[in-house]
Amino acid sequence: MTANSPAVQTLATRDVFAALDSSPRGLAPADVAVRRERHGPNELPRARRRGWWRDLAGQFRDLFAVVLLVASAITFLAYGLQDPRDVGTLQLAVAILCVVLLNAAIGFVQEYSAERTAESLQAMVPRTCRVLRGGERQELPARDLVPGDVVVLEAGDAVSADCRLVEAHELAVNNAALTGESDPVGRTRQPVAAGPVLEARNCVFMGTDVVAGSAKAVVFATGAATEFGRIFRLASAAPRQKTPLQLQVASMARRVAGAALAIGALLFAVRLPAGRPLVETFVFALGVMVALVPEGLPATLSVSLAIGVRRMARRHALVKKLLAVEALGSTTVVCTDKTGTLTQAEMTVVQVWAGGVRHPVSGVGYAPVGEVTDPQPVRELLRTAALCCDARMVPPADHDGWRVLGDTTEGAILVAAAKAGVDLAAEEASTPRVTEFPFDSTRKLMSTVHRGPHGDLRACVKGAPQELLTRCSAVVWKDERQPLTEDLRAAVISANDELAAQGLRVLAVASRSLPDGRPTQDETESDLALLGLVGMQDPPRPEVSDAVDACRHAGIRIVMVTGDHPLTAEAVARRVGIVRRPDPTVVTGTRLDTLDDEALDTLLAGSGELLLCRVSPEHKMRVVAALQQRGEVVAVTGDGANDAPALKHADIGVAMGASGTDVAREAAVMVLLDDSFASITTAVRLGRSVYQNIRKFLIYLFSHNIAELTPILAATFAGFPLVPITAVQILAIDLGSDVLPALALGAEPPEPDVMDRPPRSRRERLFSTAVMGRVLFLGGIQSLGVCAVFFWHIHASGIPYADFTKDDPVYREAITMVQAGIVVSQFFNALAVRTDRQSVFRIGLLSNPWLLAAGCFGIALMAAISYAPPLQALFHTAPLAAADWAVLAGFGVLLLAAEEARKGWLRHRRPAGRKEGVR
């Protein structure tokens, strides 16, 4: 038998040691060394990270980068073929190459910085554990465990490997991190029938927690061979999905590159027959192509996304991939886990029922902060329940808050008793425990016997209401012991049903006096007096309801996908607002197995509220894939290892940073540092604003590209022999005068109504008809202005077109006017594109000081190019007069006025209406 054979659960306890080549005294040191060499460390394999040089090389695979690299290479070749050689051609080739290198450096630094920041969150599964080796009990790093080790487990321990139990004393474990089910599950050492090892009640698994009892177990699987490791491998095999922005930018890049090549080829074909030298004509066409390629776009896009990453980090959301920022903003469906994501993973008593009266309990979690409404009638009930508990409360220490050592249900009872004024330490001292009858799954009860201050014996019993009620002959009703009549029994059953219908876990509490001696279990658990009922829940995080409401308002559909019981899932979903209708669709994993792809698509196509319960990791992945097939942009939240495959397969995987498992954090592209579902809503808002800002700077960049191209086309068809603006001037505009304003636009805060709009469709193009119309509108105005100033300068000189040379002062003034005209108009253009419909004067011209500073820097740089002799020589420019600057400023004001008029007409024609998501 191999160490990780699933048949290990079928063996009798005495045969387990032989099968795993171990003994009750544990392994000898020599055996440990051999097994460590054979099986390796007990840790999950880290995802192999590509070398930084590969990440850097990846920056050059961007289509814009490829086009510019080819252009630079061809320009270098053209320079070598020229006779005589034109230094301007060499300057152009070097300038293009520098642009590519600069863009690659900016993109690489931003990606590298964001991903390395995430490394601080990576936490290993349990770091230490207790084992028997050579008969001695030792504490050692969990990574040192090997198959055959005998592990000692106690309440509060985390399980460090997959183990077969050989001793178990009322052991209960919390498998929430592995299966998604939050209720503790009892374990036994007895052999069970063959079947899936994850369902074996005599095994415990890596990543789970011991909540009650104690045990000894033999390790049969470590590291990647564990169930945790199986899910990790499943997650690793799931391919990363490209985000909507990646797809749209790739599509845009192909179209822009194709258009640039086509227009460049057309102009080459038009100018060559006119008798121009071949190389000169080719370099001219190449300059046109460069004019159309937005060289600054990759850098601007990377930095804009990085700004979104930093903003999210300030709001406790760490994004490991820049493009995930925008993907979250385009999310249409959120598939959320329940335990630890919507809830706090802390059981809390919220209702106590006694004598026909409910007593609400305030406060959340294990901190004894809150109160029981009218506590006097239920103080004895809670005192009895607290005495019948093995758990212990652990006060805050270091950075940890209150926590429970032992069963979380008992922890909730202890907290409720403290809220009711019960002094737990004093009660245990004055009423010591004499004997106990532990909980088992057959009786569904736990009983303890205590000796009172006067020497009398008293039984304290708690358990399932249905089981406990059959053992009661009386009930304490309004502080009086009364016979348990059929009417009173019906009242108790009705109260239990009402509490259970709210999704509460209900326990009944009873007691009785016992004669002196050593009572038996049957005597202790018979003829009891029912004290009342305790209703508890794993409470939702307090901020979740508002976050769910915000997502619903934004048109985002929320689907709960959990491994928990359907009734529990529905109750939590109702409390947080995911379910509001009386008849949500609740589907279990068993039913999902019966659905073919078409039936699953029909199920997901419905607009009703959907809860998927008792699902496996494979189910989650299938649901995510089916939603993506329907064109949805899917975000998946979760904290357990069972969530990891779906987290990686989703468009955006969101893991919990504090309570999440290592597997989940590794699979996700976004980690919530505060584990708050509400951070998702903030991230969606920021993600949507990132997309809006990307559109703003795309309009800004492409509108001036039109202004760069139009004068070249006009001069070509007018028969002017030279270009109105050189390729080197264009590169100076793109990098020196455009990148900083574009970055400032990328830092614009979200518009007020961003969460009032429904999610955009995955099919919606980055360059929609409205965006292209605005680009043409603004670019057209700029084109008219720069063409006017160029030809006005040329015609005012009275020199025939054929007599102009590159060194002619009039020509140099004219091309300087063109470059300065584009720079000045872009200053006003940046102000105009800040809003889609609203007047920029309503949000304030000075409300984005970085944009004003960036625009002023661009104008100052243009002035230096115009007046500084070294730059004049490089760009072939000439100094401009004050009147020239005044004319250019007038064109800029005209541009802003025209755009304000367009927005006013749009508001008048189509008044803004509130758009709400109804999904």
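This report walks through a predicted model, starting with its main sheet and moving on to its cores, a helix pair and a few single residues.

**The sheet and strand E9**

A good place to begin is an open sheet of 8 strands with mixed pairing, whose order reads E8-E26-E25-E24-E9-E21-E23-E22. Strand E8 (317–319) and strand E22 (585–588) stand at the edges; each has a single partner strand, so one side of each is left without a neighbour in the sheet. On average, and with direction ignored, neighbouring strands here are turned by 20 degrees against each other. Helix H19 (residues 566–576) packs on this sheet, where it touches E21, E22 and strand E23 (610–613). The direction of H19 makes about 145 degrees with that of E23.

Strand E9 (residues 333–336) deserves a visit of its own. In the strand order, E9 stands between E24 and E21. With strand E21 (residues 557–561), E9 pairs in the parallel sense over 4 bridges, and Cys335 stands opposite Val559 in E21. With strand E24 (residues 634–638), E9 again pairs in the parallel sense over 4 bridges, and here Val333 stands opposite Val634.

Which residues of E9 point which way? Val333 and Cys335 point to one side, Val334 and Thr336 to the other, and all are buried.

**Two nonpolar cores**

In soluble globular proteins, nonpolar side chains tend to be buried together. The largest nonpolar core in this model holds 129 residues, and Ile578, Met670 and Phe677 touch the most other members. Helix H25 (residues 678–718) gives the most to this core, with 17 residues.

Phe677 also takes us back to strand E9. Leaving out residues up to four places away in sequence, Phe677 touches Val334 and Thr336, along with Thr341, Leu342, Glu543, Val544, Ala547, Val548 and Ile558. Recall that Val334 and Thr336 point the same way from E9.

There is also a second, separate core, this one of 49 residues; among them are Ala626, Val636, Ala646 and Ala655.

**Helices H28 and H30**

Further along the chain, helix H28 (residues 809–832) and helix H30 (residues 849–867) have axes that come within 9 Å and cross at roughly 175 degrees. How does H28 run relative to H30, parallel or antiparallel? Because angles over 145 degrees count as roughly antiparallel, H28 is roughly antiparallel to H30.

By class, their contact has 11 nonpolar, 5 polar and no charged residues. On the H28 side, the residues involved are Thr816, Gln819, Ala820, Val823, Phe827, Ala830 and Leu831. They meet Leu851, Leu852, Gly855, Cys856, Gly858, Ile859, Met862, Ile865 and Ser866 in H30.

**Single residues in strands**

Leu528 is found in strand E20 (residues 528–537), and at 0% relative accessibility this residue counts as buried. Apart from neighbours within four places in sequence, Leu528 is in contact with Val461, Leu468, Arg471, Cys472, Ser473, Ala474, Ala510, Ser511 and Arg512. One of these contacts, Leu468, is 60 residues away along the chain, with 8.6 Å between the two C-alpha atoms.

Thr435 is found in strand E14 (residues 433–437). Is Thr435 buried or exposed? With a relative accessibility of 17%, Thr435 counts as buried, because the cut-off for that class is under 20%. Beyond residues up to four places away in sequence, Thr435 touches Thr448, Val449 and Arg518.

**Single residues in loops**

The table sets out three loop residues and their accessibility.

| Residue | Loop between | Relative accessibility |
|---|---|---|
| Gly135 | strand E1 (128–133) and strand E2 (136–141) | 38%, partly exposed |
| Asp374 | strand E11 (357–360) and helix H12 (379–387) | 46%, partly exposed |
| Arg614 | E23 and helix H22 (617–629) | 34%, partly exposed |

The backbone is worth a look here too. Asp374 has a positive phi of about 50 degrees although this residue is not a glycine. Arg614, also not a glycine, has a positive phi of about 55 degrees. Arg614 brings us back to the sheet as well, since its loop lies between E23 and helix H22, and E23 is one of the strands touched by H19.

As for Gly135, its C-alpha lies 9.7 Å from that of Val150, a residue 15 places apart in sequence.

Note on methods:
Residues numbered from 1 in each chain as written. Predicted model: local features only at pLDDT ≥ 70, side-chain atom pairs only at ≥ 80, totals over all residues. Heavy atoms only, no water. Helix = DSSP H or I, 4+ residues; strand = E, 2+ residues; numbered from the N terminus. Buried < 20%, exposed > 50% of the residue type's maximum accessible area, 1.4 Å probe, protein only. Axes fitted to C-alpha atoms, helices over the stretch in contact; angles between N-to-C directions. Parallel < 35°, antiparallel > 145°, perpendicular 65-115°, else oblique. Contact = heavy atoms within 4.5 Å. Nonpolar A, V, L, I, M, F, W, Y, C, P; charged D, E, K, R; others polar. Pairing = 2+ DSSP bridges. Core = buried A, V, L, I, M, F, W, Y, C linked by side-chain atoms within 4.5 Å.
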